[in-house]
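Biologist: Could you take a close look at one spot in this chain for me? I'd like to know what sits around it, and how that fits with the rest.

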Amino acid sequence: EPLCLFQRLLAEERWEELVQALANVSGVGPVPNPPCSAFILRIAVHLSLVLRVIHYAAEEEGFLERTLPLHNRILIAYINHLAAEKESELVALYAKELPPELRIETYAKFLETIEEREERQRCIRLAESYFREEVPAITCTVVRNIRMQLPSLDDTSVLSEISEDDSRKIRAIEWLCLGDDRRQLEEALVQSNALIRSFVQAGKIEAARDLVSKVPEEESIEFQDPRSPSALREHYSWKNYLWALHTHSEWRMHQAERPQPYIAETTTQQGGWKAVSDEKHHHWEVRDNFLASKAVELMRSVLHAEGGWLHDPSGTVLPSDERERPDQIEALRRSCIPRLVFLLHNILVERGYFYESLQIANDIASESLGLYTLFSREELEKFLLLMRESAIRVNCLV
């Protein structure tokens, strides 16, 4: 019986054995017991807290150093129990007793389970009332943990869909946007950019576009984080690129909705129905021209981005956890730019703008833009064949 064991060890003042017994009963000791009741766990954690305070005050030599890891594990076990019971206020109250590093890790793990916005705000307010200084690190840890999670095995969504795993990662960015702390909003940019890069690398364009539309854009703030100017630049680079792809997709879908010419069965029907058919075609054509022009404009803005699309200016400061970012950025530039060029050429050719399609070669060959360096040998050969076809079409029109 755990209570009898606790009483005996207390009476005999066998403190270290008592702490080990409390840890075992809580399932985190050297010889963990089967799961105990919530009542026993509550007794164990409060005995642990009392022992820790008493022996800290008494300054008993070496006791706290030897037993503190067990004290912390017991406390974390109880916090996990409270988290499972959705006792948000108690979770924050007991997390306050943990050392800062464990507090951040444990409270972040609890926040990962919270989905409702109102409850998220409440949990952040509770954290600010008990350990305000750690809140930025906690929210950043939550987002990073969720962002790094692997897709679940039962995720059967296709690349064009936003899966539940994707949605959960997108919603996680909200943790950094709940307060009015500018540093948190800056961190939201950094974390969302990292998530967008992983989405685009995986071919999840819709998920990336959904995320980029939800990130607060703070153009006028005075940056405190040296990463922020680069992060904001990257955010707008992705916004322009993803919006260009989306507009191209809209144009493609609109193409499939081209109204068919009406064939009247009788002479009587021909006049009225032909007028209706002509009006439908006119509205379709206006929309088609708008979408195509907009897609071309957005694609060209990406290709002509000042300083190079998704290219960090020299002297950009990178923290230790983003050392792989330059290689990732370069791989994405080599993947995204050729794709965009081929889509741009496709739109121009399909709309009969053969001369304009030839002008793309000037952009690719431009030393100031340096786009040719992003093409593989095979892609350059494909591009030259397309230029040849455009040149033939232009000569045919002359």
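Modeller: Sure, one term before we start: a contact means heavy atoms within 4.5 Å. This is a predicted model, where local features need pLDDT of at least 70, side-chain atom pairs count only at pLDDT 80 or more, and totals for chains, interfaces and linings use all residues. Residues are numbered from 1 along each chain as its sequence is written, and side-chain values use heavy atoms, with hydrogens and water left out.

Let's zoom in on Asn24. It sits in helix α2, residues 15–26; helices here are DSSP runs of H or I with at least four residues, strands are E runs of at least two, and numbering goes from the N terminus. Asn24 counts as buried because its relative accessible area is 15%, and buried means under 20%, with exposed over 50% and partly exposed in between (1.4 Å probe, protein chains only). Skipping neighbours within four places in sequence, Asn24 touches Gly29, Pro30, Val31, Pro32 and Asn33.

For another buried residue, try Ala95, at 1% relative accessibility. Ala95 belongs to helix α5, residues 88–95. With neighbours within four places set aside again, Ala95 contacts Ile79, Arg103, Tyr107 and Phe131. Ala95 and Leu75 are 20 residues apart in sequence, with their C-alphas 8.0 Å apart.

Now the rest of the chain: it has 17 helices and zero strands, and 43% of its 398 residues count as buried. Among contacts with a separation of 6 or more, 69% join residues 24 or more positions apart.
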